[in-house]
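Got the viewer open? Let's take a walk through this one, stop by stop.

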Amino acid sequence: MGRARVIPLSRAITPAERHRAQQRRTADPRIAAALDQHTGAGFAEFLAAAPPILRRWQSVHDSTGGAIITAAVDARRAGVLSPLPRDLLQALHACYLDPRHAHLPGEPGFGDALTWATQPVRGASSCLAPMGGETYEPFDYLLEHVQATGSARPVPPAAWPVLLTCAAPADMSSLA
């Protein structure tokens with residue numbers, strides 16, 4: 001990874017990039033699908049599986065996995081900019097669990113739900129990206145979607161004491 005070069009990609013591709021992609025559409029079905037899609041995702045977002053990742057999160061919103069992802073997105077919205085420690089997610093996700101669903105038979109435990117939330121979708125990205133050292137970051141597209149659509153609810157009052165207790169000291173000024 002140390003040799004990797006970061007190449008920033010714009011949401012919209014230029015006419016020249018679209019032309020080159022059109023030339024490669026038959027060689028790679030993912031490029032053809034990205035060119036033909038009408039999901040509202042940018043070209044790179046589509047290749048990173050952003051629309052299916054969003055659907056994955058939305059389909060389990062009331063489950064343990066959904067609560068973990070929502071907790072991660074809200075932690076970022078609240079000002080936690082560092083990777084999110086497992087302990088923070090474990091404490092915080094309880095603020096997002098619907099009490100009617102929290103103890104249903106067959107509902108996965110925190111560990112299983114966290115594993116599910118970090119599984120790549122379509123071989124690309126995941127709802128939560130493991131960052132090493134038992135820390136995680138929410139997929140940027142999820143945060144951008146919440147902010148762009150105005151679907152964000154206020155961070156629950158019960159989440160603030162958890163955030164203030166468990167967040168890294170470097171995040172305290174952005175949390176404030």
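Which residue just after helix 8 takes a positive phi? Select Gly-150: its phi is about 70°. Keep that spot in mind, as the tour comes back to helix 8.

**Before going further**

You are looking at a predicted model, in which local features need pLDDT of at least 70 and side-chain atom pairs count only at pLDDT 80 or more, while totals for chains, interfaces and linings use all residues. Residues are numbered from 1 along each chain as its sequence is written, and side-chain values use heavy atoms, with hydrogens and water left out.

**The whole chain**

Zoom out and colour by secondary structure. The protein has 10 helices and three strands; here helices (H or I, at least four residues) and strands (E, at least two) are DSSP runs, numbered from the N terminus. Follow the chain from the N terminus and the elements come in the order α-α-α-α-α-β-α-α-β-β-α-α-α.

Now switch on the surface. About 10200 Å² is accessible, and 57% of that belongs to carbon and sulfur atoms (Shrake-Rupley method, 1.4 Å probe). Of the 176 residues, 41% count as buried, meaning under 20% relative accessible area.

**Stop one: helix 5 and helix 6**

Select residues 64-78 for helix 5 and 86-93 for helix 6. Their axes (lines fitted to C-alpha atoms over the stretch in contact, with angles from 0 to 180 degrees between N-to-C directions) come within 9 Å and cross at roughly 110°. That makes helix 5 roughly perpendicular to helix 6, a label for angles of 65 to 115 degrees. Show side chains next: Thr-64, Ala-67, Ile-68, Ala-71, Ala-72 and Ala-75 of helix 5 meet Leu-88, Leu-89, Leu-92 and His-93 of helix 6, with contact meaning heavy atoms within 4.5 Å. By class, this contact has eight nonpolar, two polar and no charged residues. (Ala, Val, Leu, Ile, Met, Phe, Trp, Tyr, Cys and Pro count as nonpolar, Asp, Glu, Lys and Arg as charged, and the others, Gly among them, as polar.)

**Stop two: helix 6 and helix 7**

Keep helix 6 and add residues 110-117, which are helix 7. The axes of helix 6 and helix 7 come within 11 Å and cross at roughly 110°. That makes helix 6 roughly perpendicular to helix 7. On the helix 6 side, pick out Arg-86, Leu-89, Gln-90 and His-93; on the helix 7 side, Phe-110, Gly-111 and Leu-114. The tally by class is three nonpolar, three polar and one charged.

**Stop three: helix 5 and helix 8**

Go back to helix 5 and add helix 8, residues 140-149. Helix 5 and helix 8 pack at about 70°, with axes 10 Å apart. That makes helix 5 roughly perpendicular to helix 8. Ile-69, Val-73, Arg-76 and Arg-77 from helix 5 meet Leu-142, Leu-143, Val-146 and Gln-147 from helix 8. This contact has five nonpolar, one polar and two charged residues.

Which residues of helix 8 are buried? Highlight Tyr-141, Leu-142, Leu-143, His-145 and Val-146.

**Last stop: a loop**

Find strand 2 (128-132) and strand 3 (135-138), then select Glu-134 in the loop between them. Phi of Glu-134 is near 60°, a positive value in a residue other than glycine. Most residues other than glycine have a negative phi. Is Glu-134 buried or partly exposed? At 49% relative accessibility, Glu-134 counts as partly exposed, which means from 20% to 50%.

Terms used
Angles under 35 degrees count as roughly parallel, over 145 as roughly antiparallel, 65 to 115 as roughly perpendicular and the rest as oblique. Buried means under 20% relative accessible area, exposed over 50%, partly exposed in between (1.4 Å probe, protein chains only).
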